[in-house]
Amino acid sequence: MAELIYLKNVVTLQLQPELCVGCGTCLDVCPRAVFARDNGKVAIVNRDACMECGACGRNCAAGALSVRAGVGCAHALINAALGRTNAACCAVEPKEKGEPRPGRTTCC
Amino acid sequence: MDQPFVIGSVTTAIGEVPQISSRLTWRDHWGTFKVRWNVGRMDYKVVPGLYALGKPDAESPVFVSANYKLSFDRLREAVPGRDVWILVLDTHGINVWCAAGKGTFGTDELVHRIEASRLAEVVLHRRLILPQLGASGVAAHLVKKRSGFKVIYGPIQARDLPAFLDDGMKATPEMRTKSFNVRERTVLVPVELVEALRKVVIIAPMLFLASALLRPGKFWPTGVADGLYSVVAFLVAVISGTVFAPVLLPWLPGRSFSVKGLLVGLLGALIWAALRWQTSATWTGAIEIVAWLLIIPSVAAFLAMNFTGASTYTSLSGVQKEMRVAVPLQIGVCAAGLILWFVALGMGMGG
């Protein structure tokens with residue numbers, strides 16, 4: 001079976017190649033094989049597979065990767081819309097000031 | 001020390017460390033079965049801290065895990081016959097992946113737990129093996145800076161650990177990629193189903209009451225029969241959205257979960273309608289059938305959309321985009337169906 005891909009052209013993953021030092025940590029932590037080695041650096045080769053888990057950005061010591069991390073969970077977004085911020089599961093962290101979109105979703 | 005899976009203790013430089021076995025007992029398997037059926041799932045925990053599996057020494061590898069007992073059990077059963085340390089973080093009983101998303105399986109807790117357990121006095125090396133899915137909560141370079149321990153990300157699945165260790169701590173691309181095959185989807189179904197059935201228990205009596213009370217004329221037996229058909233219709237929606245949509249996920253057309261759920265729900269609704277038409281081939285019967293042809297697919301679409309949280313490939317941005325379109329449609333279509341259903345009730349459903 002081919003890999004499962006969700007909606008196209010939506011993810012917030014950003015790579016700044018000029019900052020990349022080619023350490024390859026993102027290749028290890030990405031569970032969706034989004035990256036590949038490219039001339040001693042890293043390139044995004046399967047952008048639509050990204051699920052914005054944020055592992056690459058958090059572990060990029062060079063600061064070359066950024067992504068608005070969160071869990072793609074409809075239930076969490078519903079809880080947020082209903083103002084249930086203290087749900088044991090499927091919650092969304094409170095919106096930060098000036099942030100147009102809701103905060104990071106968390107789920108289980 | 002009074003946890004049932006602790007079988008003894010191992011003497012170390014800091015004193016006794018609880019010893020565990022990689023062999024699971026019937027009690028462990030029963031616990032797994034229960035949480036898979038959504039029973040006590042939010043309170044299935046291991047006391048955080050350091051554990052010895054087998055007879056580890058100062059050179060033995062250290063695995064880090066969450067204190068959700070299901071995660072802990074998968075780890076210890078994966079490495080039979082090996083001597084390793086297991087450092088259990090306090091993730092409030094949540095699995096590695098979700099706790100990493102919340103940040104409880106995170107840099108701060110890991111550094112804190114290394115200090116609290118006095119790990120640096122138990123082992124001479126400075127290496128930790130973390131599950132790869134913990135990486136969204138842990139910054140390896142910061143852990144190194146703050147604790148002196150180097151984080152090595154192991155495979156996603158604990159069962160790949162023996163191969164990972166034997167290959168000099170190298171994970172293959174397969175071990176690093178999260179799959180979501182039919183077996184992995186199916187084990188998640190009971191939790192979704194039980195969650196939805198808890199709502200059915202509330203909604204079913206209301207459907208019965210509405211059918212029995214609102215239609216003019218006889219209460220019994222046609223009112224009860226109509227109520228039963230309504231409950232069955234609602235169950236068709238629930239099963240379409242929580243069982244068939246997740247299991248059939250990759251084979252259903254569309255990328256958004258709502259569309260997948262809608263299509264399964266529509267199919268189920270058509271089968272229900274064909275059966276219902278046999279018993280009430282009248283104008284009011286036709287209105288009732290149209291009503292459920294609207295309600296079933298919209299409810300199934302909503303439930304399937306909620307499976308995004310359990311899936312392993314949906315992004316937050318994607319789910320937001322899907323919901324912006326899908327939720328208003330689900331509410332609108334479901335409301336239209338309900339209005340029609342009440343109209344049919346008022347006209348004296350069932351002929």
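At 41% relative accessibility, A33(A) counts as partly exposed, where buried means under 20% relative accessible area, exposed over 50% and partly exposed in between, computed with a 1.4 Å probe and protein chains only. This is a predicted model, in which local features need pLDDT of at least 70, side-chain atom pairs count only at pLDDT 80 or more, and totals for chains, interfaces and linings use all residues. Residues are numbered from 1 along each chain as its sequence is written, chains are lettered from A and ligands numbered from 1 in the order in which they are written, and side-chain values use heavy atoms, with hydrogens and water left out.

A33(A) is found in the loop between α1 (25–29) and β2 (35–38) of chain A; helices (H or I, at least four residues) and strands (E, at least two) are DSSP runs, numbered from the N terminus. Most residues other than glycine have a negative phi. The phi of A33(A), however, is a positive value near 50 degrees, and that of H92(B), also positive, is near 60 degrees.

Loop residues of the two chains are set out below.

| Residue | Loop | Relative accessible area |
|---|---|---|
| H92(B) | between β5 (84–88) and α3 (96–102) of chain B | 48%, partly exposed |
| N38(B) | between α1 (26–36) and β3 (49–53) of chain B | 8%, buried |
| V39(B) | between α1 and β3 of chain B | 44%, partly exposed |

Leaving aside residues up to four places away in sequence, N38(B) touches V191(B), V194(B), E195(B) and R198(B), a contact being heavy atoms within 4.5 Å. V39(B), together with W26(B), W30(B), F33(B) and W37(B), makes a nonpolar surface patch of about 610 Å². Such a patch consists of residues with over 30% relative accessible area and no salt bridge, with nonpolar side chains (Val, Leu, Ile, Met, Phe, Trp, Tyr) joined within 5 Å and like charges within 9 Å; a salt bridge is a side-chain nitrogen of Lys or Arg within 4 Å of a carboxyl oxygen of Asp or Glu.

Chain A has 3 helices and 6 strands, running β-α-β-β-α-β-α-β-β from the N terminus on, and buried residues make up 52% of its 108 residues. Its average pLDDT, the predictor's confidence in each residue from 0 to 100, is 84, with 76% of the residues scoring at least 70. Within chain A, the mean is highest in helix α2 (residues 55–59), at 97, and lowest in strand β6 (residues 105–106), at 56. Over residues 95–102 of chain A, pLDDT stays under 50, and the model has 10 contacts beyond four places in sequence for them.

Definitions and conventions:
Accessible areas come from the Shrake-Rupley method with a 1.4 Å probe; for residues, only the protein chains shown count as cover.
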